[in-house]
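Subject: A structure for you to explore

Hi there,

Here is the structure I promised to pass on to you. Have a look around it first, and then read on for what turned up.

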Amino acid sequence: MNKPLVGAFLAALLLGAGVAPAVAAEPAGSTSEVSAEAAPQTKYTAPDTVPAAKAVTFAGTVALSNCSGSVVRSPDAAPTDPALVLSNGHCMESGFPGPGEVVVDQPSSRTFTLLNASGSGVGTLKASKIAYGTMTDTDLSLYELTSTYQQIEDSYGIQALELETAHPTAGTAITVASGYWKRTYSCDIDGFVHQLKEGRWTWKDSVRYTPECQTIGGTSGSPVIDDATGKVVAVNNTGNESGQECTDNNPCEVDENGEVTVREGINYAQQTYNMVPCIGAGSTIDLTREGCTLPKP
């Protein structure tokens, strides 16, 4: 996984033979830093041409103590709804949920540093609970905050990132925006994986990046943003580090026929469109809603 940045010894104590987090390292290669000067600017568009996509910034992303995340909303969210923060299930402070385990409405007082477009921290947001978290079929967590969307916008001038409601498509240009590292990774969606297996966990219909997105430890939970729409299509979570097959930190791909493929150096994310039907009135997580297919406790 693009692991949370905690000590490997602590992880070993918590997980036994489970996943050991990667050592924090300075990113290199295809990453880029967004400065204030690189924030989106209005440009002249010639008549009869299609406007270029806006540059993806850090506005709405958050830094956790050990991971990345983002403030997100469903298309139907009201300004007065409690805001939600999206990250990975393996980034929860309660530890990695086991296969088949689903966390719902667990109290939390976790804090998040909210970033503006240039990647500067502008304020601290606080959770009231882990509304949902799992590493079964997907790898995601949703925190409910003590602040509403409107309060965040009024205080910091920052709007939540909107969740895409449709399955993404291969070839889409994307940006992985890490609030932890304050770095972005740009590439395309290379395709989708029937089953992605890593150690004890199995994820379904995962997003596979093209090789340019060389995400690292600490990028876990970063939003994967469609460059054309600015909407969140997935949450960054893992990559094959050393070419091993289906082991911790080395996920393998399994197709519909059981054929296993290992892609060393390739990274992955979990789609988020399937979360939207599970978000009800008041931006509460309701796993009984029609169309909600997230794993249930």
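Let's start with a pair of side chains: which residue does the side chain of Arg73 meet in a salt bridge? Its partner is Glu162, with 3.2 Å from N to O. Before going further, please keep in mind that this is a predicted model.

That pair is a nice one to find on screen, as it links distant parts of the chain. Arg73 belongs to strand 3, while Glu162 sits in strand 9 (residues 161-162), and 89 residues separate the two. Is Arg73 buried, exposed or partly exposed? Its relative accessibility is 25%, and because buried means under 20% and exposed means over 50%, Arg73 counts as partly exposed.

Now for the whole picture. The protein chain has 297 residues, and 51% of them are buried. Its secondary structure comes to two helices and 17 strands. If you take the contacts between residues at least 6 apart in sequence, 66% of them join residues at least 24 apart. The accessible surface is about 12,500 Å², and carbon and sulfur atoms account for 50% of that.

Next, the inside. The largest nonpolar core holds 46 residues, and the members that touch the most others in it are Val71 and Phe112. Several elements supply at least two residues each to this core, among them strand 3 (68-73), strand 6 (111-115), strand 8 (140-148) and helix 2 (149-156). Strand 7 gives the most, with five residues. To see how Val71 is surrounded, leave aside residues up to four places away in sequence: Val71 then touches, among others, Val62, Leu84, Leu114, Leu125, Tyr149, Ile152 and Leu161. A separate core of 12 residues lies apart from this one, and its members include Ile174, Tyr209, Cys213 and Ala234.

Back to charged side chains. How many salt bridges does a search of the whole structure find? The count is nine. One of them joins Arg208 to Glu253, with the closest N and O atoms 3.0 Å apart. Arg208 lies in strand 12 (residues 201-209) and Glu253 in strand 15 (residues 252-254), so this pair ties together parts that are 45 residues apart in sequence. Both Arg208 and Glu253 are buried.

Glu253 also forms a salt bridge with Arg263, and here the closest N and O atoms are 2.8 Å apart. Arg263 is found in the loop between strand 16 (260-261) and strand 17 (267-271), 10 residues from Glu253 in sequence. The two ends of this pair make a good exercise in reading accessibility. Glu253 has a relative accessibility of 7%, so Glu253 counts as buried, whereas Arg263, at 31%, counts as partly exposed. Through shared partners, salt bridges join Asp190, Arg208, Glu253 and Arg263 into one network.

One last stop is Glu212, in the loop between strand 12 and strand 13 (223-226). Glu212 is partly exposed, as its relative accessible area is 42%. The side chains of Glu212 and Thr210 are joined by a polar contact of 2.7 Å. Glu212 and Ser186 are 26 residues apart in sequence, yet their C-alpha atoms are 6.7 Å apart in space.

Happy exploring, and do write back with any questions!

Best wishes

Technical notes:
Residues are numbered from 1 along each chain as its sequence is written. This is a predicted model: local features need pLDDT of at least 70, side-chain atom pairs count only at pLDDT 80 or more; totals for chains, interfaces and linings use all residues. Side-chain values use heavy atoms; hydrogens and water are left out. A nonpolar core is a set of buried Ala, Val, Leu, Ile, Met, Phe, Trp, Tyr and Cys residues joined through side-chain atoms within 4.5 Å. Buried means under 20% relative accessible area, exposed over 50%, partly exposed in between (1.4 Å probe, protein chains only). Helices (H or I, at least four residues) and strands (E, at least two) are DSSP runs, numbered from the N terminus. Contact means heavy atoms within 4.5 Å. A salt bridge is a side-chain nitrogen of Lys or Arg within 4 Å of a carboxyl oxygen of Asp or Glu. A polar contact is a pair of N or O atoms within 3.5 Å; within protein, one must be able to donate a hydrogen and the other to accept it, and residues adjacent in sequence count only if both atoms are side-chain atoms. Accessible areas come from the Shrake-Rupley method with a 1.4 Å probe; for residues, only the protein chains shown count as cover.
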